[in-house]
Amino acid sequence: MNTNQKTNGKVEILIAEDSPTQAEKLRHLLEGHGYAVAAAPDGKQALAAARGRKPTLIISDVLMPEMDGFALCREIKGDEQLKDVPVILLTTLSDVRDIMQGLECGADNFIRKPYEERYLLARVDYLLMNRELRKSQKMRMGVEIYLGGQRHFISAEQQQIVDLLISIYEEAVHINEELKLRQRELANSNQSLSGLYRVAEGLNRAVSEREVCEKALEHALELPGVQAGWISLWEKENNAFRTAAVRNLPPALRSEGALEGSCECRRRFLAGELNHVTNILECERLKDAAGDTLGLIHHASVPLGMGERSLGILNLVGAERGLFGDGELETLYGVGHQVGIALERARLHQHLERLVEERTAALTAEVAERKEQEARVIRLNRIYSVLSGINTTIVRVRERQKLFDEACRIAVEHGKFVFAWIGTLDADTRQVTPVAKAGRDDGYLAQINLSAKEDASGNCPLTAQAMIGAKPVICNDIATDEAMKSLRAEALSRGYRSLVVFPLIVEDRPVGVFSLYAPEPNAFDEEEMRLLVEMAGDISFALDHLKKEEQLNYLAYFDALTGLPNRALFWDRLDQRVGSARRDQQAFSVIMLDIERFSAVNETLGRQAGDELLRQFVRRLKQALDETDLLARLADDRFVIATRRGDGGADLAHVLERILSAIQGQAFRVGGSELRVAAKAGVASFPADGEEVEGLYRNAEAALKKAKLSGDRYLFYTPELNARVAEKLALENKLRRALEEQQLVLHYQPKIELKTGRISGLEALMRWNDPDTSLLVPPFEFIPILEETGLILDAGRWALEQAIADSARWKGNRLKVPRIAVNVSPIQLRQKDFVATVERALRGAKDMDGILELEITESLIMQDIETNIQKLRAVRDLGVDVVVDDFGTGYSSLAYIARLPISSLKIDRAFIVNMASKPDDLSIVSTIISLGHSLELKVVAEGVETEEQANLLRLLKCDEFQGYLFSRPVPAEQVESLLQEHKSPSKSLS
């Protein structure tokens, strides 16, 4: 407990308060009034303090820990020593029960929290002043009180009840005053809201600046506390204020000029300091005005603005000559903001009205002018249409001829010209050639010598003048113009009355003409010519643009020196080739070439010599390539080729040898010097070495780098491919030597008639007697190489000639020689001279009619059926039979089979092998035999190895068979024994 007693006052007040802040505040108040003060933090300690020192007065909070204020008061009033001590309870008096509990516990006074310091001190002084009176009046009395709808009976001392009721009454009066104050504030708020609504409503209806200002003041005076005002607007263009509206001003401010000139609010506005509502405490204008100001000296200045724009000031005078409070100033600021928006809107509205008025006046004048010049406009509209149409064409069209055609068509259809034509000038002959025309020509141009030479006989003078002078030439009346004298009759008969010729200029020189013929005289006045000259200029510009675009497109995709595709175009075409190859499942290769020591040519002989060498180099490359090969230049000395040869075989190697030999086989002649150039190559194939453009390109480049480092003339990207190609090349060389040294031999396999068992034919089969191994090489190991390299043509011719020679030898030995069948390769049949080759082979033989058969596979015949039918008919006319080999494995059309000039069908051995065990194969064999017989063809089964197969074929009425059951293929020497003895060499060999 804290104490602080003043001895001179001899009055000690005990405070019971659990809030240190409230206790300290109350202590400070009482001590400042001269009282001694003691304080306790709760009722229990306060009771102990009171008993120990008996204070003059106790002030206690109601809500406290340990013991509340009611309990403390009850203890004090029940103590004989303390019952005379007055007790003031600090409470909110929020409930009837609080009041009754205070009366019942004997409290002398109530003070409501939060309390006014003045009132609390007055109550303390009153209780202390009446302290002696209370001692002398100890009479107790009972009082019945009706509160909160209930009756309460209170027994207490008379003075205590009086003081308590007075206290309650005073509190009630105080609360009533507060309620009245709040009511007035609420009424003011409602009035403010109503006034703001009226202000907004009035401003929304105002459409002019004056209406905005008048309505703003009219309704601002409806706001609480506002009794007069005026609005000053800032005119930036005049650098001055203008009074826009006034309302209820005192007499002193109504006189002329009273509101003009400078004042504090205007100075603040110009200085940019008036950014919020401000109370002007002593207005110079009111203070210094001459006349009655009604005692007014204050007003509020409200800035009017919109965004960053300051528009003016709204000055409002308050009622009762007072200042506006903070809340009122905020309300006025909102009014000012609304007025600023309304002013800006009104100004915009006025501006738009002015624009509408101006535009309306302009349109009225324009309509009047159009009516006056209606004929001129109709005529010019045609030209505008032509100009617009041609300009649209220029934007859309990218071809010179289409531009010319469209320009002539538009001139006739949209411009209503009778005839229009465009001609181009040959700079060497100076002759103009018509390239496009539209309208009524009827042979007119064919009769004119369109020469750009003015003295040329029979020419059109206007055309010549336009080309020579490089400016338009007009004839506004063909009927009277001497320049058209020679052409007048022809022109007038076609309806031409006036004419204009425009030169088309590109790079400051005429390149052609655009001529227009009108159906009326004087068609080309100054204004129409201005548009037509613009039209001709646009066409000239388009020609220049197309020319430059063609040059740019060429340079963008082609090498300027060699004319070859550059890297960009090659990349695009290679991408297309990749897509096509992927779709068709075909292979192709990319060959990258590099000229060795090319830089030395430039350094030694100069750049010009290097360029000439490159041009010759490209010419040789083109000669070494096929039409389907794609050649491009990548850099100074680097080239790339995309070729359809992509299997990595000897064919591709041949292409490389041909290319490199073309480069190195003969010297280049450059500037009088002979230069020998070598090149290296790297190869990558699709899809083995890459399935994308970038991969192929990169791998070909890697192969080239490796070739340059290794010393090889060319290398394939895949090392295994290099080895395979080397192996194929070695085999190819051996086969070439085999042809030259006659290492190829023919073996023969007999065909046997199933009915008689006699030999009915022989099939010639090629073998290679390899001297390096002393073994016979089977055909499947070397025939594909012969076909791939084209050596099959020589080998095929040899096989035909050798088979006929063997047959002639056997016949010379008085043997009955059956037909000999020779196999034909696809490459042989595709040759244009195939029939001639067969004819030459037969020409040297005597008495060999009907001795030769040609076996051609089913799939080969069907590749180019019409051409092959013609070739095979020609062969048949030579006495040569045609046999379809491997029948059943292709995709023959029965309609074509019936048309083929063939004598036999050979059933593929794949069906014969499993014929006895697979019903499907047996069914196929049976069907083929039936088909062949229905077409009157002989049917031969090949690959027969067992008696069971032979018996089944007899049952199916097959005509002949061929296979190991009778004989393997045997050399020509053993065939004679077979023909003499009719026995199998296989049996004799076993």
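**Exercise 1.** Find out whether E490 is buried, partly exposed or exposed, and then do the same for its salt-bridge partner R494.

*Solution.* Begin with E490, which has a relative accessible area of 32% and is therefore partly exposed, given that buried means under 20% relative accessible area, exposed over 50%, and partly exposed in between (1.4 Å probe, protein chains only). Next take R494, which counts as buried because its relative accessibility is 9%. Finally join the two: R494 and E490 form a salt bridge in which the closest N and O atoms are 2.6 Å apart, a salt bridge being a side-chain nitrogen of Lys or Arg within 4 Å of a carboxyl oxygen of Asp or Glu. Side chains of opposite charge can pair when their charged atoms come close.

Before going on, note that this is a predicted model, in which local features need pLDDT of at least 70 and side-chain atom pairs count only at pLDDT 80 or more, while totals for chains, interfaces and linings use all residues. Residues are numbered from 1 along each chain as its sequence is written, and side-chain values use heavy atoms, with hydrogens and water left out.

**Exercise 2.** Describe the salt bridge between D559 and R633, and say which parts of the chain the pair ties together.

*Solution.* First, the closest N and O atoms of D559 and R633 are 2.9 Å apart. Second, D559 lies in the loop between α16 (526–557) and α17 (567–584), whereas R633 belongs to strand β20 (residues 630–633), so the pair ties together parts that are 74 residues apart in sequence; helices (H or I, at least four residues) and strands (E, at least two) are DSSP runs, numbered from the N terminus. Third, D559 and R633 are both buried.

**Exercise 3.** Locate the salt bridge between E209 and R347, and state how accessible E209 and R347 are.

*Solution.* The side chains of E209 and R347 meet at 2.9 Å, N to O. E209 sits in helix α8 (residues 209–220) and R347 in helix α11, so that distant parts of the chain, 138 residues apart, are linked. E209 is buried, with a relative accessible area of 12%, while R347, at 23%, is partly exposed.

**Exercise 4.** Identify which residues touch the most other members of the largest nonpolar core.

*Solution.* A nonpolar core is a set of buried Ala, Val, Leu, Ile, Met, Phe, Trp, Tyr and Cys residues joined through side-chain atoms within 4.5 Å. The largest one has 76 residues, and Y748, M766, W810, L852, L854 and L953 touch the most other members. Helix α24 (residues 792–812) contributes the largest share of this core, 8 residues.
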